[in-house]
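Trainee: Could you take a close look at one part with me, the strands of chain B and the side that touches chain A? I would like one connected explanation.

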Amino acid sequence: MAVIEAIATTYLEADASSVTFSSIPTTYEHLQIRMSMKSERAGSDVDGLRVYFGTGGTLDTVAANYGYHWMRGVATTPSAGRLTGTYLNFQNMLAAQGGVTNAANFGAMILDIFDYTGAKNTTCSALMGSTGNWSNLSFETGYWDNVAVVDKIQLDQVNGPNFLRGSEFTLYGITG
Amino acid sequence: MAAWTHLEHDTIIGGLPATTVTWSSISQSYDHLCIKVSARYSAAGSAGQLHDVVYNGDTTDSDYSNTYLIASTTTPTMGRLDGRSYAAIMPTSDFLADTFSTTTIWIPALRWCATLFHENNDAITEISMVAGGGQDFVADSTFDLYGILGA
């Protein structure tokens with residue numbers, strides 16, 4: 001068995017409001033999602049990437065059950081902070097800004113989800129970046145306050161309304 | 001040939017917390033190593049608890065140097081210190097219950113550990129992770145070691 005196996009890839013042939021990975025096997029130790037994506041958001045060149053976790057085939061969409069912590073550089077300005085009870089919103093992926101950003105540019109993100117079958121809350125870390133009017137680079141961590149096994153993950157935008165055509169998302173399983 | 005090989009896995013079993021996790025006789029047939037840790041500290045600490053990485057049993061702080069970037073407040077800070085204790089940070093008993101760390105440590109060319117530099121050019125045959133502060137990793141903490149081949 002390979003250490004890293006591709007479980008599923010979603011490539012968007014058309015704009016889509018969200019991307020969902022369901023029936024995730026429990027045979028791995030960790031998960032990783034690699035993304036090249038872009039939001040349709042018109043009012044800005046960046047948008048947040050919202051992650052929902054689920055168990056038993058049902059997503060948990062309650063904001064209070066999530067939190068995250070970030071360290072970010074936007075242009076020449078670094079910042080850091082923490083929010084709890086406000087969804088798991090990673091910042092920032094590239095957005096179309098009504099066609100202002102280069103159509104060929106997409107944001108990139110690697111999301112690691114640790115020990116997703118263990119008797120512990122789901123925790124994850126992300127490295128993401130994009131180049132629009134401003135360059136963004138961030139390193140972030142997040143959690144889902146639930147000790148259940150993760151078998152479903154949904155990726156969404158904070159503003160949206162869509163991921164643009166050409167966005168690609170691959171879920172990998174990492175053995176332990 | 002697969003690029004990644006899973007070399008070691010340790011889980012701190014319930015009722016048996018541990019201060020140290022050690023992997024010995026690490027094969028020299030890989031170009032890089034990667035460690036993934038999901039851990040939590042058994043004692044209190046409002047800022048989290050640093051855990052050490054020790055190579056080949058060398059616990060001399062002056063043999064290690066680390067450059068760090070931390071965002072525990074709204075102002076990121078960075079610096080450089082001698083010592084082996086800035087390899088990673090994990091939640092303590094002061095943090096949200098059941099919440100563990102998300103640590104990935106890369107050891108390219110078997111010499112470096114993330115930003116933790118070991119001033120020794122001996123091959124790495126043993127790696128220990130030490131909870132630090134004299135207390136333990138709690139039950140359900142997990143540690144995985146991977147070997148990665150080059151072309």
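Mentor: Gladly, we will go from the whole chain to one sheet and then to the contact.

This is a predicted model, in which local features need pLDDT of at least 70 and side-chain atom pairs count only at pLDDT 80 or more, while totals for chains, interfaces and linings use all residues. Residues are numbered from 1 along each chain as its sequence is written, and chains are lettered from A and ligands numbered from 1 in the order in which they are written.

Let's start with the chain as a whole. Chain B has zero helices and 12 strands; here helices (H or I, at least four residues) and strands (E, at least two) are DSSP runs, numbered from the N terminus. Along the sequence, the pattern of chain B is therefore β-β-β-β-β-β-β-β-β-β-β-β. Of its 151 residues, 37% count as buried, meaning that 20 or more other C-beta atoms, placed from the backbone, lie within 10 Å of the residue's own. Now take the contacts in chain B between residues at least 6 apart in sequence: 81% of them join residues at least 24 apart. Two residues are in contact if their C-beta atoms, placed from the backbone, lie within 7 Å.

Next, the sheet. Four strands of chain B form an open sheet in the order E2-E11-E4-E7, with antiparallel pairing. Two strands pair if DSSP finds at least two bridges between them. The edge strands are E2 (20–23) and E7 (88–90) of chain B, each of which pairs on one side only. Neighbouring strands of this sheet are turned by 20° against each other on average, direction ignored; the axes are lines fitted to C-alpha atoms, and angles run from 0 to 180 degrees between N-to-C directions. At one edge, E7(B) pairs with strand E4 (residues 49–55) of chain B over three bridges, in the antiparallel sense. There you can find B:His51 opposite B:Ala88 of E7(B). As a general point, side chains in a regular strand alternate between the two faces of the sheet.

Finally, the contact between the chains. It takes 22 residues from chain B and 26 residues from chain A. On the chain B side, strands E1 (4–11), E3 (32–38) and E12 (142–148) each supply at least two residues, and E1(B) gives the most, with four residues. By class, this side of chain B has seven nonpolar, 11 polar and four charged residues. Ala, Val, Leu, Ile, Met, Phe, Trp, Tyr, Cys and Pro count as nonpolar, Asp, Glu, Lys and Arg as charged, and the others, Gly among them, as polar.

Technical notes:
Buried ≥ 20, exposed ≤ 12 C-beta atoms within 10 Å, placed from the backbone.
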